[in-house]
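Me: I have a model open and want to go through some of its helices and strands. Can we take them by question?

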Amino acid sequence: MATRALLRDADRQPIDDAVVLFFPAPKSATGEDVVELHVHGSRAVLVSLFASLSSIKNVRPAEPGEFTRRAFENGKLDLTEAEGLDDLIHADTDRQRRQALRQLKGLLGDRVRDWRARIIEAAALVEAGIDFSDEGDVPAELLAPALEKIKTLLAEISELLASQGRSERLRDGLVVAITGPPNVGKSTLMNQLARREVAIVSPHAGTTRDVIEVQLDLDGYPVTVIDTAGIRETEDPVEQEGVRRARARAAEADVVLWLTDDEPAEIPCHGSAPVWRVRNKIDLGRSVSDVAQFRISAVRGDGISELVGALVAFACDYFGAGETGLIGRERQRRLLEETARSLRRSLDVVGQGEELVAEELRRAAFALGRLLGRVDVEDILDVIFREFCIGK
């Protein structure tokens, strides 16, 4: 019910002309009686309103994530949906928003609840066989359909895990490091990609001495581009530290752009990330033996669109989720993998006794229960909900 009301403080002085919404339990977002005050958002109104509310006995500001945690504890959300809400609040790109919305709609949670119910059905058949082990053919008659259920479940979970690629990394985004010798245009390329001046450009070598980062939205994919110090041997201790940081950040990147204005003799080791050779300053018309994958002019913008297109294609292949990504966090992937391992072991130990099969099925159901947040998750609840905004 929506009501227009004049809000007053304890001294009957008016605070604001507001709209008050009352949501009676259990049909509110948290399952409790909830009141929303829709007020004008000036600082003076909010300060007066919060002061008046805080003066009421047993009323206090909500902790970060408290409303969502109450919704979870009252059965309005499972843990995957709560995580989806957190991801939606913090989404920076359209693809992050769409993936978070799928989580919030409960698409993963619905599948997990179905899988858990079917695992429990299979476990019931196996345990019934144990209970009737002295009835001749009864155990075999019960075990066969249970094994069929387990095989089907294992195939479905394995298919989901295989199809998701690195979809949970979409929350953090792709990391692209721009490296190379000094004074080859790394900062200019950084500014081109960001479409604004985020790095100082100078003709003097060694201008960039620290790692500069900028977050970009490339066709909906979140990308962090890192501009690093020019990699060379130097006696300057400050520049030495910049080179050390440059090598460290490049080793952690998902893609390394090795930038040069000439053919590089040797590319330093950058860990396991793919290294793309990018030749800059093609506008100068230098004649070199060109082995670069990309030829650009960071000053004029030549070849930048092709480089960005390649990064978008790499991100699409890297995340691999398309519009069907259901796994949003590493925690979810880990518990699904644990479930699959238990199901696989339950098939492997069939010949060793139904009791072992039943135990592995119990572990599989327990892992899915943890994924939903319905069993033994107190150790992770505080970690998840403290990431929320105040009042959510």
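Reply: Here are short answers on helix packing, strand pairing and burial. This is a predicted model, where local features need pLDDT of at least 70, side-chain atom pairs count only at pLDDT 80 or more, and totals for chains, interfaces and linings use all residues. Residues are numbered from 1 along each chain as its sequence is written, and side-chain values use heavy atoms, with hydrogens and water left out.

Me: How are helix H7 and helix H9 oriented to each other?

Reply: Helices here are DSSP runs (H or I, at least four residues; strands are E, at least two), numbered from the N terminus. The axes of H7 (residues 186-194) and H9 (residues 304-319) come within 11 Å and cross at roughly 70°. Axes are lines fitted to C-alpha atoms, for helices over the stretch in contact, with angles from 0 to 180 degrees between N-to-C directions. Since 65 to 115 degrees counts as such, H7 is roughly perpendicular to H9.

Me: Which residues in H9 do Leu189, Gln192 and Leu193 in H7 meet?

Reply: Contact means heavy atoms within 4.5 Å. The H7 residues Leu189, Gln192 and Leu193 meet three partners in H9: Ile304, Leu307 and Val308.

Me: Which residue in E8 stands opposite leucine 257?

Reply: Strands pair if DSSP finds at least two bridges between them. Five bridges join E7 (residues 255-260) to E8 (residues 275-279), and the two run parallel. Opposite leucine 257 stands tryptophan 276.

Me: What is the bridge partner of arginine 279 in E9?

Reply: E8 and E9 (residues 294-295) run parallel, joined by two bridges. The partner of arginine 279 is arginine 295.

Terms used:
Parallel < 35°, antiparallel > 145°, perpendicular 65-115°, else oblique.
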